Amino acid sequence: MPNIGDRLEEARKRQGISIREASEATKIRGDLLLSLENNNFDFDLPDVYKRGFLKLYGKYLKLDTDKLMTDFDAVMMGRSKVKRSDSREFFGRMDLPERTTPLGSKESTPPFSAQEGNPRAANEGQPAEPIEQQADTSLYWKIGLIFLGTFVIVGLLALLIQGMFSSSSDDADTGGGSSSIVENTDGGEAVPGEVTLIGLGDSSVVVKQLNTNEKIASGSLETGEEITFTRVGPIVVVSDSIENVMVRIDGNEFRPEGQSGLMKWYFDENGPY
């Protein structure tokens, strides 16, 4: 059964479409499209953007996007199980110190009866106790180093994930995806106003003030949920599923007509432009 990448590549070639043409049509970088066709989902972006790109590319190639997303979720779940298995194997592997002492040497421990009947033999067996203490100390050091390394790795992963989300959001706001409306360049006076985002379906949204580049709203927008905020001058609304977002300004409601997937939507005090 062909994998996700094989299906994408076969559909594109069957329609006689080049990577460059597909990139210009979908506004997705060519290297990311090649990664999808190579069945490589390890590029440095959050899963929400990978899902958005795959869904948009599959829709462009006229494939069954529901089947693509189901297979994608299965692939990511399988990789997550493999990572958890590797983690359990790492913590379950521990080497214990071993030491073999020749029978009859001064460091060997005589039987209990010999110690009881021969005080000299009992004294000769005393060095075994420091060896056991040394083994215990080594074991404690290993356990401590493992826990310390775990905390360091978790901290670095948390910082890395936070940086990925921050950079991905900035990229999406400033150039990622495609715009459903052409940007206005004629300027105009900044007028304060109230804006409400209404969820027509589940999506992730980021709203920025264009004149200051300040982020004034961000997060998940669920079906039926409303987010209200005040803007001064033009704003841009970015969502990974723009078809699930409705914008209300001064009692007027606007929906993106004929647009879907990862998009940017520009507004001023009069509505979209």
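**Entry 1: Asp 31 and its partner.** I began with Asp 31, which is partly exposed at a relative accessible area of 41%. I kept in mind throughout that this is a predicted model. Looking for a charged partner, I found that Asp 31 forms a salt bridge with Arg 29, and I noted 3.1 Å between the closest N and O atoms. Arg 29 itself is exposed, its relative accessible area being 53%.

**Entry 2: salt bridges in the whole structure.** I then searched the whole structure and counted eleven salt bridges. I also noted a network of salt bridges that links Arg 7, Lys 67 and Asp 71.

**Entry 3: helix α1.** Which residue forms a salt bridge with Lys 13? I found Glu 9, with the closest N and O atoms 2.8 Å apart. Both residues belong to helix α1, which covers residues 4–14, and because they are four residues apart there, about one helical turn separates them. I looked up the accessibility of each partner: Lys 13 counts as exposed at 52% relative accessibility, whereas Glu 9 counts as partly exposed at 25%.

**Entry 4: Arg 12 and Glu 37.** My next pair was Arg 12 and Glu 37, a salt bridge in which the closest N and O atoms lie 2.6 Å apart. This pair links distant parts of the chain, since Arg 12 sits in helix α1 and Glu 37 in helix α3 (residues 30–37), 25 residues apart. Are these two residues buried or exposed? I recorded both Arg 12 and Glu 37 as buried.

**Entry 5: positive phi values.** I looked up backbone angles next and noted Lys 27, a residue other than glycine whose phi is nevertheless positive, near 65 degrees. Lys 27 is found in the loop between α2 (19–26) and α3, and it counts as partly exposed at 48% relative accessibility. For Lys 62 I likewise wrote down a positive phi near 65 degrees. Lys 62 lies in the loop between α4 (47–60) and α5 (65–92), and I entered it as exposed, with a relative accessible area of 69%.

**Entry 6: a nonpolar surface patch.** Finally I turned to the surface, where Trp 141, Leu 145, Leu 148, Val 152, Leu 156 and Leu 159 make a nonpolar patch of about 690 Å². I took Leu 156 from this patch for a closer look and placed it in helix α8, which runs over residues 128–174. Its relative accessible area is 54%, so I entered Leu 156 as exposed.

Note on methods
Residues numbered from 1 in each chain as written. Predicted model: local features only at pLDDT ≥ 70, side-chain atom pairs only at ≥ 80, totals over all residues. Heavy atoms only, no water. Patch = residues over 30% accessible without salt bridge, like charges linked within 9 Å, V, L, I, M, F, W, Y side chains within 5 Å. Areas by Shrake-Rupley, 256 points an atom, 1.4 Å probe, with all protein chains shown as cover. Salt bridge = Lys/Arg side-chain N within 4 Å of Asp/Glu carboxyl O. Helix = DSSP H or I, 4+ residues; strand = E, 2+ residues; numbered from the N terminus. Buried < 20%, exposed > 50% of the residue type's maximum accessible area, 1.4 Å probe, protein only.
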